[in-house]
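Please look through the sequence and the structure shown below before reading on. The paragraphs that follow take the reader from one part of the fold to the next, and then to the ligand and its surroundings.

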Amino acid sequence: MSFARGSMNFTAMAKSEVMKGVRILGIESSCDETAAAVVVDGRRILSSVVASQIDIHRKYGGVVPELASREHLRQIVPVVREAMEQAGLRLEELDAIGVTQGPGLVGSLLVGITYGKALADALGKPLVAVNHLEGHIQAAFLEAFQSGEPPELPAVCLIVSGGHTVLYEVRAAEAGAPEVFVFRKLGQTRDDAAGEAYDKVAKLLGLGYPGGPILDRLALAAGNVAAPVKFGPVKTRGNALDFSFSGLKTAVLYHLREHPEYDGEVRERQALLESGHRRFDELLPMCSSQTLALVREFQNAVVRELVERTMRAAEETGVSTILVSGGVAANSQLRKVFEQRASEAGLRVFFPSRELSTDNAAMIAAAAYGRFVSGRFADVTLNAKANMPLA
Ligand code: KG4
Ligand code: ZN
């Protein structure tokens, strides 16, 4: 049976009988995490396994694409096997395979896509192509479904990670298919993503990779020490809902250049990193109060930019729900400020848990469900897309 013919049969099947208890295996390999998960009806997570490559890329201060694809090749089989074991299912019991098509690193994406195609073909199951960004949006829904309080649509969604900072309006495609979304892009970063700014500033400060989690904790440890520098609001010409973070990163760089008193501690921390140590409790005593306050001011500026524009987008579109997802959505200050501002404005804000905020495959399986029920399947010609806008 050719795959194309199979796809047509699957369409008929999806639209008629098998709409409940749909078990989808999600596969994610767009960047530096190899992940697999089984999700039922786009809502109930049976398993979610993530193999992170952070230890491999850390010494280079960022993701090295060639190393990433090689590691995905090593990890994909054991990760999928573990996800199936944790779900307590045999591959034959799956209803479909969902795989990330893009955006991301082409070599990395191809590992997941090729494996997904082979698996779907061997099992005679449909293959569903998923946009990684839609996955991040679905992560917020997944979490809310677990708590029994799904977000109301339309919503404004901020996706904020190491590769993306983008605002969408999200609507249900039609009343009968609430799991199928349509998107309208409202704004995006013109240069660095917010997570990228975190990673670059952490590198400048000798705090290693990835920057977000460590800067988040150091900012909290700063207390009320006087600010060594203030970062004003960023103005973007044209679309007021666009972001820009490269100026903020450059402002940190100039501040460090103008104040040689930071140099000694930065070098000491770099030496610690080179010796393979990078725990928070090891780095904290090696940061002066001035450095901690600088980190706090940087974080306050990033959070202000993200929150202000998102609140403005919610006001302009008249929605009452905000969704925040992507690696930076794990940030404690971002969560706190969003919750405060949303409650003042009478809006509801939803974040995925920290595990579902960063890259994972449960969000890919959840996004695949909407495509599955509307009969949108991929075939053997499926290819990776480095750039793949949602709207
Ligand atoms: O979504 P993700 O896992 O991968 C991408 O698609 O990029 O996001 C990773 C990014 C990194 O830049 C990392 O520094 C940032 O998310 N990140 C954070 C935090 N945890 C991860 N940024 C700020 N605060 C955090 N707690
Ligand atoms: Zn991501």
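In this predicted model, strands E2 and E3 form a hairpin with three residues between them, and in that turn Asp41 has a positive phi of about 50°. The two strands of the hairpin pair in the antiparallel sense over eight bridges. Among the residue pairs that can be picked out along them, Thr34 of strand E2 stands opposite Ala51 in E3, while the bridge partner of Glu33 in E3 is Ser52.

Strand E2 also takes part in a second hairpin, since E1 and E2 form one with four residues between them. Here six bridges join the two strands, which again run antiparallel, and Arg23 has Val40 in E2 as its bridge partner. How many of the eight residues of E2 are buried? Eight of the eight are buried, so strand E2 is largely enclosed by the rest of the structure. The side chains can be followed in alternation along the strand: Glu33, Ala35, Ala37 and Val39 point one way, whereas Thr34, Ala36, Val38 and Val40 point the other way, and all of these residues are buried. A residue is called buried here when its relative accessible area is under 20%.

The two hairpins belong to a wider arrangement, an open sheet of five strands in the order E3-E2-E1-E4-E5, with mixed pairing. Strand E3, residues 44-52, and strand E5, residues 127-131, stand at the edges, and each has a single partner strand, so one side of each is left without a neighbour in the sheet. From one strand to the next the twist averages 20°. Strands of a sheet pair through backbone hydrogen bonds, and they may do so in a parallel or an antiparallel way. The parallel sense is found between strand E1, residues 23-28, and strand E4, residues 96-102, which pair over four bridges; in this pair, Gly26 stands opposite Gly98 in E4.

Two helices lie across this sheet. Helix H4, which spans residues 106-123, lies across E1, E4 and E5 and runs at about 155° to E4. Helix H5, which spans residues 132-146, lies across E1, E2, E3, E4 and E5, and the angle at which helix H5 runs to E5 is about 95°.

Helix H5 also leads to the ligand, because H5, H6 and helix H7 (211-221) are the elements that give two or more residues to the shell around ligand 1. Which of the elements gives the most to this shell? Helix H7 does, with four residues. In total, 20 residues surround ligand 1, and the closest are Gly162, Asp199, Gly212, Asp216 and Asn331. Several polar atoms of the protein can be located beside oxygen atoms of the ligand: a polar backbone atom of Gly212 lies 3.0 Å from one, a polar backbone atom of Asp359 lies 3.1 Å from one, and an N or O atom in the side chain of Ser161 lies 3.4 Å from one. Of the 560 Å² of accessible area that ligand 1 has on its own, the protein covers 90%.

The loops beside helices H6 and H7 hold two residues that deserve a look. Asp192 lies in the loop between strand E8 (177-188) and helix H6 (194-204), and because its relative accessibility is 7%, Asp192 counts as buried. When residues up to four places away in sequence are not counted, Asp192 touches Lys200, Phe245, Ser246 and Lys249, and a polar contact of 3.3 Å joins its side chain to that of Lys200.

Ser244 has its place in the loop between H7 and helix H8 (246-258), and with a relative accessibility of 16% Ser244 counts as buried. With residues up to four places away in sequence again left out, Ser244 touches Thr189, Asp191, Val234 and Thr236. What distance belongs to the polar contact between the side chains of Ser244 and Asp191? That contact is 2.7 Å. Finally, Ser244 and Glu344 are 100 residues apart along the chain, and their C-alpha atoms are separated by 26 Å.

Definitions and conventions:
Residues numbered from 1 in each chain as written. Chains lettered and ligands numbered in written order. Predicted model: local features only at pLDDT ≥ 70, side-chain atom pairs only at ≥ 80, totals over all residues. Heavy atoms only, no water. Pairing = 2+ DSSP bridges. Axes fitted to C-alpha atoms, helices over the stretch in contact; angles between N-to-C directions. Contact = heavy atoms within 4.5 Å. Buried < 20%, exposed > 50% of the residue type's maximum accessible area, 1.4 Å probe, protein only. Polar contact = N/O pair within 3.5 Å; in protein donor to acceptor, adjacent residues only side chain to side chain. Near = heavy atom within 4 Å. Areas by Shrake-Rupley, 256 points an atom, 1.4 Å probe, with all protein chains shown as cover.
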